Amino acid sequence: MAEQNSVFVNVNILFFAKSRELSGVNSAQITVLSQCTFTNLLENILQQYPSLAVISENIILALNEDYLSKDSDVNLQEGDEIAVIPPISGG
């Protein structure tokens with residue numbers, strides 16, 4: 001993905017369930033490149049919240065309530081919401 005047109009934007013991160021427990025917060029704001037990949041975005045979140053590393057392989061990210069696939073190119077705008085959804089367990 002070409003990053004030459006990217007600018008930095010502030011996005012709101014929402015933590016749910018286990019990700020909220022591990023991060024210790026319900027929400028936060030981070031600054032990221034406006035054009036990135038799912039992996040880049042997740043790496044940025046993990047830099048800010050390294051305690052999430054234990055679930056990082058199974059984290060689901062959603063952009064403004066739309067799930068992102070792990071091979072997604074992501075185009076972010078100022079104020080977008082990123083939901084950090086931990087692995088879903090059932091029984």
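Two strands count as paired if DSSP finds at least two bridges between them. Keep that in mind for the views below, which show a predicted model.

**View 1. The whole protein is built from two helices and seven strands.** If you walk along the sequence, you meet them in the pattern β-α-β-β-α-β-β-β-β. The C-alpha trace spans about 45 × 25 × 20 Å along its principal axes. How does the radius of gyration fit with that of a compact globule? A compact globule with 91 residues would come out near 12 Å, and the protein has 13 Å, which agrees. Buried residues make up 38% of the 91 residues. Now take the contacts between residues at least 6 apart in sequence: 59% of them join residues at least 24 apart.

**View 2. Five strands make an open sheet with mixed pairing.** Going across the sheet, the order is E2-E1-E7-E4-E5. Strand E2 (27–33) and strand E5 (66–67) are the edge strands, and each pairs on one side only. Zoom in on E5 and you'll find its partner, strand E4 (residues 60–63), joined to it by two bridges. E4 and E5 run antiparallel. Here Leu63 stands opposite Asp66 in E5.

**View 3. Helix H2 (residues 38–48) packs on the sheet.** H2 touches strand E1 (8–15), E2, E4 and strand E7 (81–85). Its direction makes about 130° with that of E2.

**View 4. H2 has buried residues along one face.** Which residues of H2 are buried? They are Phe38, Leu41, Leu42, Ile45 and Leu46. Look down the axis of H2 and these buried residues fall within an arc of 135°, so they line one face of the helix. What covers them includes E1, E2, strand E3 (35–37), E4, strand E6 (73–75) and E7. Over on the other side of H2, Gln47 and Gln48 are exposed.

**View 5. Ser56 sits in the loop between H2 and E4.** Is Ser56 buried or exposed? The cut-off for buried is under 20% relative accessible area, and Ser56 has 14% relative accessibility, so it counts as buried. The side chain of Ser56 reaches the backbone oxygen of Ala53 at 3.0 Å. Leave aside its neighbours within four places in sequence, and Ser56 is in contact with Leu42 and Leu46. You've met both of these leucines already: they are among the buried residues of H2.

How values were computed: Residues are numbered from 1 along each chain as its sequence is written. This is a predicted model: local features need pLDDT of at least 70, side-chain atom pairs count only at pLDDT 80 or more; totals for chains, interfaces and linings use all residues. Side-chain values use heavy atoms; hydrogens and water are left out. Helices (H or I, at least four residues) and strands (E, at least two) are DSSP runs, numbered from the N terminus. Contact means heavy atoms within 4.5 Å. Axes are lines fitted to C-alpha atoms, for helices over the stretch in contact, and angles run from 0 to 180 degrees between N-to-C directions. Buried means under 20% relative accessible area, exposed over 50%, partly exposed in between (1.4 Å probe, protein chains only). A polar contact is a pair of N or O atoms within 3.5 Å; within protein, one must be able to donate a hydrogen and the other to accept it, and residues adjacent in sequence count only if both atoms are side-chain atoms. The arc is that of the directions from the helix axis to the C-beta atoms. The radius of gyration is taken over C-alpha atoms; the globule rule is 2.2 Å times the number of residues to the power 0.38.
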